[in-house]
Amino acid sequence: MGSVLLIDGSSLTIQDVVDVARNGRRVRLDEDARAAMQESHAWVQQACQNDQPVYGVNTGFGSLARVKIDPSNSAKLSLNLIRSHAAGVGPLLPEPEVRAMMLLRANALAKGASGCRPLLVDTLLEMLANDIVPQVPQQGSCGSSGDLAPLAHLGLVLAAGDHGRVFYKGTSMTAAEGMKQAGIARLQMEAKDGLAITNGAQLTTAIGALALNDAIGLMAAAELAAAMSIEALRGASRAFVAGVHALRPYRGAIATAGNLRTLMAGSQLMDSMPEKLQDAYSLRCTPQVLGACRDAISYAIAQVSIELNAATDNPLILLEETGPNKAFSAGMFHGEPVGIPMDVLKIAVSEVANLSERRLYRLTTGSLSQRLPPALRSKDRPMLGMMVPQTTAAALVSENKALGWPASMDSIPTCEDQEDHVAMSTTAARRAARVIENARRVIAIEMQGAVRALKFRTEETPGIQLGQGTEKGLFRASAVLDGLDENRTPSDEIEALTEWLRRDGHRQLVDGLEVVS
């Protein structure tokens, strides 16, 4: 897909991650980055020959950092590190998340501060190009010292030996067989290779980057669904006036109010009840709630964008520093800078779903819907109303609340108390991705209800003008539903609309809509 992506450790974007993880874009190591990697690798090799103590190169790991390792055993040390850390459990990660993790680990090494060979990066990129995806369990990472167990399962595939499993072009097999079929040589480990593969919050960041891409599309879907529902409920436009929002100038609220005005521009349903001066909060406060969620997502984007191009190894090799020992141990692998944003993301997206369900409830409740049919039942199929889909939305919203407890608030000591504060960032990211999936379905259900409600309004008043964006949204969403079998269930409709939203079918309806950034 498109041009080849050059990685240099400094310029990766969330969209690049999506392109490689989900769309198979090819990747190559930048030549300047290759030279920087070679230089730091040469220093590590020299340090080994001089018997200079360097953490994890000729010493033990973690609480065993004071144990000296003979330089002749450095390669075995790297391999044993990978084997001992491959302790992941549970279901396997989806392939796109593993591909994203591979790209991010390669990009971190490309900064040239890890002291490892360019061959590690070249091999990772060959695996991506040939659709070799390591089988990595979802559970087992505390997010410090990075995502050790998941990255070690990646290392099992890189390192020569009878270990590791992969999917090769979608088929499960041993790492040895998969790499052989793909024509990719596995590596004999050298000093520092094991640490270079396993240090860093790359799984957390991989899941987070893909989740944020989805959250950006989700916000656009939420605003479209909100506009359609507000219009169907004969809302009052005074809640979205630009001058009002300028008096409380939150960036997200201003953007959401502007998008709602654009989507509903020209609607004859809006303000069609002059006696109604204000709406319920789930309509009137949509800019405040979705705007706050926009701002939270923007914060998470900023944090993850930094992490995409961060050096996360331990130790890091800083050749420009004076003195004989240029290896510096720090806490760059700690997942907290990503874990907190992932918790913020899932709380924000949970609120998007909460608000969506409340508007859906008004659409389906006769006494609150401005005379829409109770449960939005239709004349031709009255038994297939929206009462139970609303119940489904309520169940998803409640599940999100249970998932919303901030994982980054938790910590449990590991490694004989050497690692006495951990991030739980991977759990935060995994839960954020699950919350986004749930929220997408909630918005699909609101869209399902809004389609019925707007159709009722147009049948009730033939020729009535809808908003410029909501009319197109109604047309596109109706086409998705009309393409289903006449014996479809509400579940079939929900899943079809969910997939439509996942594929961004709701985007680019009209010009002038502001996306989350």
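**Note on cavities, helix packing and backbone geometry**

1. The largest cavity is lined by Arg251, Gly252, Ala255, Arg294, Asp295, Ser298, Glu514, Val515, Val516 and Ser517. The model is a predicted one, and the cavity in question has a volume of about 40 Å³. Two helices, α11 (251-264) and α13 (286-307), each supply at least two residues of this lining. By class, the lining of the largest cavity comprises 4 charged, 3 polar and 3 nonpolar residues. The charged residues include Arg251, Arg294, Asp295 and Glu514.

2. How many cavities of 30 Å³ or more does a search of the whole structure find? The search finds 2. The second largest has a volume of about 30 Å³, and its lining consists of Leu104, Ala108, Gln202, Thr205, Glu307, Leu308 and Ala310. Here α4 (95-109) and α9 (202-232) are the elements that give two or more residues. The lining of this second largest cavity has 4 nonpolar residues, 2 polar residues and 1 charged residue.

3. Two packed helices are described by the angle between their axes and the distance between the axes. Helix α17 (residues 468-482) packs with helix α18 (residues 490-502) at an angle of about 125 degrees, and the two axes are 9 Å apart. Angles from 65 to 115 degrees count as roughly perpendicular and those over 145 as roughly antiparallel, so an angle between these ranges is oblique. On that basis α17 is oblique to α18. The crossing of these two helices is right-handed.

4. Which residues make the contact between α17 and α18? From α17 come Gly473, Arg476, Ala477, Val480 and Leu481, and from α18 come Glu493, Ala496, Leu497 and Trp500. This contact has 6 nonpolar, 1 polar and 2 charged residues. The charged residues are Arg476 of α17 and Glu493 of α18, while Gly473 is counted as polar.

5. A second helix pair is formed by α2 (residues 31-49) and α5 (residues 118-129), which pack at an angle of about 135 degrees with their axes 9 Å apart. The helices α2 and α5 are therefore oblique to each other. On the α2 side the contact involves Arg34, Met37 and Gln38, which meet Pro118, Val121 and Asp122 in α5. By class, the residues of this contact divide into 3 nonpolar, 1 polar and 2 charged. Arg34 in α2 and Asp122 in α5 are the charged residues.

6. Some points of backbone geometry merit inspection. Most residues other than glycine have a negative phi, and most peptide bonds are trans. The peptide bond from Ser144 to Ser145, however, is cis, with omega near 5 degrees. Ser145 is located in the loop between β5 (137-139) and α6 (148-158).

7. Where does Pro315 lie? Pro315 is in the loop between α13 and β8 (316-317). The peptide bond that leads from Asn314 to Pro315 is cis, and its omega is near -5 degrees.

8. Lys192 is not a glycine, yet its phi is positive, at about 80 degrees. This residue belongs to the loop between α7 (175-182) and α8 (193-198).

Key: Residues numbered from 1 in each chain as written. Predicted model: local features only at pLDDT ≥ 70, side-chain atom pairs only at ≥ 80, totals over all residues. Heavy atoms only, no water. 1 Å grid on protein atoms, 1.4 Å probe; cavity = no way out; pocket = protein on both sides within 12 Å on 5 of 7 lines; lining within 4 Å. Points joined across faces, edges and corners; volume = space filled by probe spheres on them. Helix = DSSP H or I, 4+ residues; strand = E, 2+ residues; numbered from the N terminus. Axes fitted to C-alpha atoms, helices over the stretch in contact; angles between N-to-C directions. Parallel < 35°, antiparallel > 145°, perpendicular 65-115°, else oblique. Left-handed = near helix turned anticlockwise from the far one by under 90°. Contact = heavy atoms within 4.5 Å.
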